[in-house]
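Visitor: I'm new to this one, and I'd like a close look at a single part of it. Could you pick out one helix with its packing partners and walk me around from there?

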Amino acid sequence: MQIGVIGLGRMGGNIVRRLTRAGHSCAIYDANPAAGAALAGKGVDVAGSVPALVEALGSGPRTVWVMLPSGKITEDTIGQLGTLMKAGDVIIDGGNTNFKDDVRRARELAPKGIKYLDIGTSGGVWGLERGYCLMIGGDTETVTRLDPIFTALAPGLGDIERTEGREKLDPRAERGYIHAGPVGAGHFVKMIHNGIEYGMMQAFAEGFDIMRNRASEKLPADERYDLNLGDIAEVWRRGSVVTSWLLDLTASALAKDEHLEHFSGHVEDSGEGRWTIEAAIEEAVPADVLTASLFVRFRSRQQHTFAEKILSAMRLGFGGHVETPKK
């Protein structure tokens, strides 16, 4: 299939690479010409502007995947595409957008006959090799028609043990992507995914901080332990009930530098944690752990603990998120 991709950053560029590896062709555009030039080659048509990208996709039905930071740049790009594309064409937002914005955009595009999909995309900087976990919102016909694109991007069955009892259920979930529901559902599910991620990361961070401080001279001498955190993270990876990719990333960071000296502990948030808490408030659902983990990130920008260094190390590992430099 042919698809346009706008935004060739940490994830967008690798989405193009993964699609072309699977035999699909891409028309691409990024405001930074160097990003497009780095992807030039077989199956890739580098456009110099958004209108040129739409034109390169031919007469249609055309599909454009927008992979840009949430906010004005995504809003403006989708607005521009809405003036360039025609009935039957598809606009996909694969970034971290608030699901309520998806509902509004789909409603605005509907009179023109332009389809809109929102796709929560998880995989970070490792997506090229591992594949992307996709949570898709939109109408069934469009999602089904674009299935070859999603199949190419998703991880596939891999070597993960299959879940007993899923034989008669939607096979797409086992391959790493789902049609979550109508417009907005994809980003809503991804939003909750990221909120849970905050809580899981915080639990690991606090646990390792407690272990690190067990060597404190304030404790009785026979109750102090100088624990090797790198070894603990590694052994937990091997059959422990808390085994996870986040633990893998923690073990990797600690193996390189047990004291995490190159991290300050300044931890940003992408916005999805905030939206998750807002949804919990709207639904009157208690979310104690997720709320606390978000507030810790706010505090980390004022004072830092070893726990926040653990958080920074995990964020760098899965998403390539570099700490904000000190002012």
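Guide: Here is a tour that starts with helix 10 and its neighbours and then moves out to a few other spots. One thing to keep in mind throughout is that this is a predicted model.

Let's get our bearings before zooming in. The protein has 15 helices and 8 strands. Its radius of gyration is 22 Å, close to the 20 Å that the globule rule gives for 327 residues, so the protein is as compact as a globular protein of that length. If you draw a box around the C-alpha atoms along the principal axes, that box comes out at roughly 75 × 45 × 40 Å. Of the 327 residues, 48% are buried. The chain also brings distant stretches together: take the contacts between residues at least 6 apart in sequence, and 68% of them join residues at least 24 apart.

Now for helix 10, which runs over residues 185-212. One partner to look at is helix 15, made of residues 306-319. The two axes come within 8 Å and cross at roughly 135 degrees, which makes helix 10 oblique to helix 15. The crossing of this pair is right-handed. Which residues do the touching between helix 10 and helix 15? On the helix 10 side, look for E197, M201, Q202, F204, A205, E206, F208, D209 and R212. Facing them from helix 15 are F306, A307, I310, L311, M314, R315 and F318. Sorted by class, the contact holds 10 nonpolar, 1 polar and 5 charged residues.

Stay on helix 10, and you'll find another partner in helix 11, residues 229-237. Here the axes lie 11 Å apart and the angle is about 135 degrees, so helix 10 and helix 11 are oblique to each other. The crossing of helix 10 with helix 11 is right-handed. F208, M211 and R212 of helix 10 meet L229, I232, A233 and W236 of helix 11. That contact divides into 6 nonpolar residues, no polar ones and 1 charged. Notice that F208 and R212 turn up here and also in the contact with helix 15.

F318, which you met on helix 15, is a handy marker for a longer view. Find G41 in the loop between helix 2 (33-37) and strand 3 (44-46). G41 and F318 are 277 residues apart in sequence, and their C-alpha atoms are 27 Å apart in space. G41 itself counts as partly exposed, because its relative accessibility is 44%.

Next, follow the chain to helix 13 (residues 272-283) and helix 14 (residues 288-300). The axes of helix 13 and helix 14 come within 10 Å and cross at roughly 145 degrees, and the crossing is left-handed. G273, R274, T276 and I277 of helix 13 meet L290, T291, L294 and F298 of helix 14. By class, that gives 4 nonpolar, 3 polar and 1 charged.

The loops on either side of helix 13 each hold something to spot. In the loop between helix 12 (245-256) and helix 13 sits L260, which has a positive phi of about 50 degrees although it is not a glycine. L260 is buried, at 0% relative accessibility. The loop between helix 13 and helix 14 holds A284. A284 has a positive phi of about 55 degrees, and it isn't a glycine either. Is A284 buried or exposed? With a relative accessibility of 68%, A284 counts as exposed.

Let's finish with a couple of arginines in short helices. R172 belongs to helix 9, residues 171-174. R172 is buried, with a relative accessible area of 19%, under the 20% cut-off for that label. Leaving out residues up to four places away in sequence, R172 touches V143, D147, Y177 and H179. R130 is in helix 6, residues 127-130, and is partly exposed, with a relative accessible area of 44%. Setting aside neighbours within four places in sequence, R130 is in contact with R18, P155 and W245. For a sense of distance, R130 and I73 are 57 residues apart along the chain, and 28 Å separates their C-alpha atoms.

Notes: Residues are numbered from 1 along each chain as its sequence is written. This is a predicted model: local features need pLDDT of at least 70, side-chain atom pairs count only at pLDDT 80 or more; totals for chains, interfaces and linings use all residues. Side-chain values use heavy atoms; hydrogens and water are left out. Axes are lines fitted to C-alpha atoms, for helices over the stretch in contact, and angles run from 0 to 180 degrees between N-to-C directions. Helices (H or I, at least four residues) and strands (E, at least two) are DSSP runs, numbered from the N terminus. Angles under 35 degrees count as roughly parallel, over 145 as roughly antiparallel, 65 to 115 as roughly perpendicular and the rest as oblique. A crossing is left-handed if the near helix is turned anticlockwise from the far one by less than a right angle, and right-handed if clockwise. Contact means heavy atoms within 4.5 Å. Ala, Val, Leu, Ile, Met, Phe, Trp, Tyr, Cys and Pro count as nonpolar, Asp, Glu, Lys and Arg as charged, and the others, Gly among them, as polar. The radius of gyration is taken over C-alpha atoms; the globule rule is 2.2 Å times the number of residues to the power 0.38. Buried means under 20% relative accessible area, exposed over 50%, partly exposed in between (1.4 Å probe, protein chains only).
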